[in-house]
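Student: I am new to this structure and would like a close look at one small part of it. Could you walk me through it in a connected way?

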Amino acid sequence: MTESTSIPPATHSAPAAADENRLIAERRSKLSKLRNEGLAYPNDFRPDSASAQLHEAYDALDQEAVAAAGRHVKVAGRMMLKRVMGKASFATVQDGAGRIQIYLDRASLGEDRYADFKTWDIGDIIAIEGNVFKTNKGELSVHAQSARLLAKSLRPLPDKFHGVADQELRYRQRYVDLIMTEETRHTFKARSKTVGSIRQFMLDNGFLEVETPMLHPIPGGASAKPFETHHNALDMDMFLRIAPELYLKRLVVGGFDRVFEINRNFRNEGVSPRHNPEFTMMEFYAAYTDYRWLMDFTESLIRAAAQAACGSTALNYQGRPLDLGRPFDRLTIVQAIQKYASGYTTEQLHDEAFLRTELKRLGADVNGPVLARAGIGALQLALFEETAESKLWQPTFIIDYPIEVSPLARASDTQAGITERFELFATGREIANGFSELNDPEDQAARFQAQVQAKDAGDEEAMYYDADYIRALEYGMPPTGGCGIGIDRLVMMLTDSPSIRDVILFPHLRRED
């Protein structure tokens, strides 16, 4: 007769909680017995085979060929399924690579060890040693010659049919989500492949990987509100890094012509499907290049990452096709508005009064600290963000940003008030930001001063004045192009994930209480 191994779904109802407490008490009792027998939490078993390796080696062979191979293996993992049928039983073990079926019988294990197995619970970490074979139904399995309990699972896993239904619980208890959800495991393996591909692409193109500080005396390199802290030994206020840009460009001044860093940044801003206070970027800088070279390079890098993570550049995101293989579009802010938010004339888009009226109609705070002092370029950008940004589905470079919103970018030699800057958008969100770097120290000092004035006027995201960075530029920085790519948003796109929390192992959440 088959013993019951079902686990009730995880819910917040009182009966379910009481039932879970009962199951935990039962498991603690089993652990107490193991402790008394000196068998709790051993650490002397070393598996020699992973489930994926076994499937790769034997899935294509028939029953006789697998038996003839006579492979003896040691496997270990979490018991996810268990079927007890009198003198023989089946279990499924999940390791870091996948799952493998285990066949256990009284004759092979012995009366006592088989009786022990029947007391083990779903979720326990077990060790199996035995021979690989195929059942009559063709299921690759390991016939256990020995079986041991390595670690007791005191908490019952969610019901195998329902999984972790509570989305916040999946983020808060990612360890349970990873145990139960194959899609989640796939997402984070794809993330690892993406980051690995990016790193290799950069190394193959002559870039030096570096590390720069995460604690800054002056937050710089981006327009963002920083997290503040205090260094006791130095008795000075510090800021968590909002971007590594100014330190990486100091290295270009120092003679490292091509540098990159895969880095963690922190911005004291809102939490949303697109934003997490702590996030990952890859920033790189290449001397003797400009923003057009950067666009070509970034396009190639993203294609390589998609190929590594997905095996293709033809993807689907949230039910819509996404083609990373075709050349990315390049549009100015005004061109993008006119293409994706039809109805605006060129004259209207260069009329400050019209732009302010239209932004106010769309709900923007035109009298707030950011837009109150804005010129036409910044107002055009604000209208783009309100009307066109979310419609940029296929990869598109938006180019030629106004100077007033690009304090670190080189000014155009041919267009007054414009910088050599781009942002890359796809699936309606920004993926990357790059520009020809401003290497004129006097111009940079004036830009910083304008940012200080904006901060004094109430713009919390305006930059600080960084005198040491100006000093570095005064030693001379070669013409340089630099770009930052949001790794989290890129992985969202490559893994068809709707929220940034789906691609960060431990996203920030409100306190559990």
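Student: Is Thr427 buried or exposed, and what is its relative accessible area?

Tutor: Happy to help, and please keep in mind that this is a predicted model. Thr427 has a relative accessible area of 5%. Buried means under 20%, so Thr427 counts as buried.

Let us place the residue along the chain. Thr427 sits in a loop, with strand 16 (421–426) on one side and strand 17 (429–436) on the other. Now look at what touches it in space. Once its neighbours within four places in sequence are set aside, Thr427 is in contact with Tyr317, Leu322, Leu392, Trp393 and Met493. You can pick out each of those residues on the display and see how they are placed around the threonine.

The backbone of Thr427 deserves a look too. Most residues other than glycine have a negative phi. Thr427 is not a glycine, yet its phi is positive, near 50°. Another residue to put beside it is Tyr41, also not a glycine, with a positive phi of about 55°. Tyr41 is in a loop as well, the one between helix 1 (14–36) and helix 2 (51–58). Its cover can be compared with the cut-offs: Tyr41 has 39% relative accessibility and counts as partly exposed, whereas Thr427, at 5%, is buried.

Next, step back from the loop into strand 16, where you will find Phe422. Phe422 has a relative accessibility of 0%, so it counts as buried. This residue also shows how the fold brings parts of the chain together: Phe422 and Ile399 are separated by 23 residues in sequence, while their C-alpha atoms are 4.2 Å apart. For a contrast, go to helix 1 and find Arg22. Arg22 and Gly38 are 16 residues apart along the chain, and 25 Å lies between their C-alpha atoms. Arg22 itself is partly exposed, with 41% relative accessibility.

Another part to visit is a pair of helices. Two packed helices are described by the angle between their axes and the distance between the axes. Helix 13 (residues 352–361) packs against helix 14 (residues 376–387) at about 35°, and the axes are 10 Å apart. Their crossing is left-handed. On the helix 13 side, the residues that meet the partner are Glu352, Leu355, Arg356, Glu358 and Leu359. Helix 14 brings Ile376, Leu379, Gln380, Ala382, Leu383 and Glu386 to the meeting.

Finally, here is the setting for these details. The chain holds 17 helices and 18 strands, and its C-alpha atoms fill a box of roughly 85 × 55 × 50 Å along the principal axes. Thr427 and Phe422 are both buried, and across the chain 48% of the 513 residues count as buried. Among contacts with a separation of 6 or more, 67% join residues 24 or more positions apart. On the outside, the accessible surface comes to about 24,800 Å², and carbon and sulfur atoms make up 50% of it.

How values were computed:
Residues are numbered from 1 along each chain as its sequence is written. This is a predicted model: local features need pLDDT of at least 70, side-chain atom pairs count only at pLDDT 80 or more; totals for chains, interfaces and linings use all residues. Side-chain values use heavy atoms; hydrogens and water are left out. Helices (H or I, at least four residues) and strands (E, at least two) are DSSP runs, numbered from the N terminus. Buried means under 20% relative accessible area, exposed over 50%, partly exposed in between (1.4 Å probe, protein chains only). Contact means heavy atoms within 4.5 Å. Accessible areas come from the Shrake-Rupley method with a 1.4 Å probe; for residues, only the protein chains shown count as cover. Axes are lines fitted to C-alpha atoms, for helices over the stretch in contact, and angles run from 0 to 180 degrees between N-to-C directions. A crossing is left-handed if the near helix is turned anticlockwise from the far one by less than a right angle, and right-handed if clockwise.
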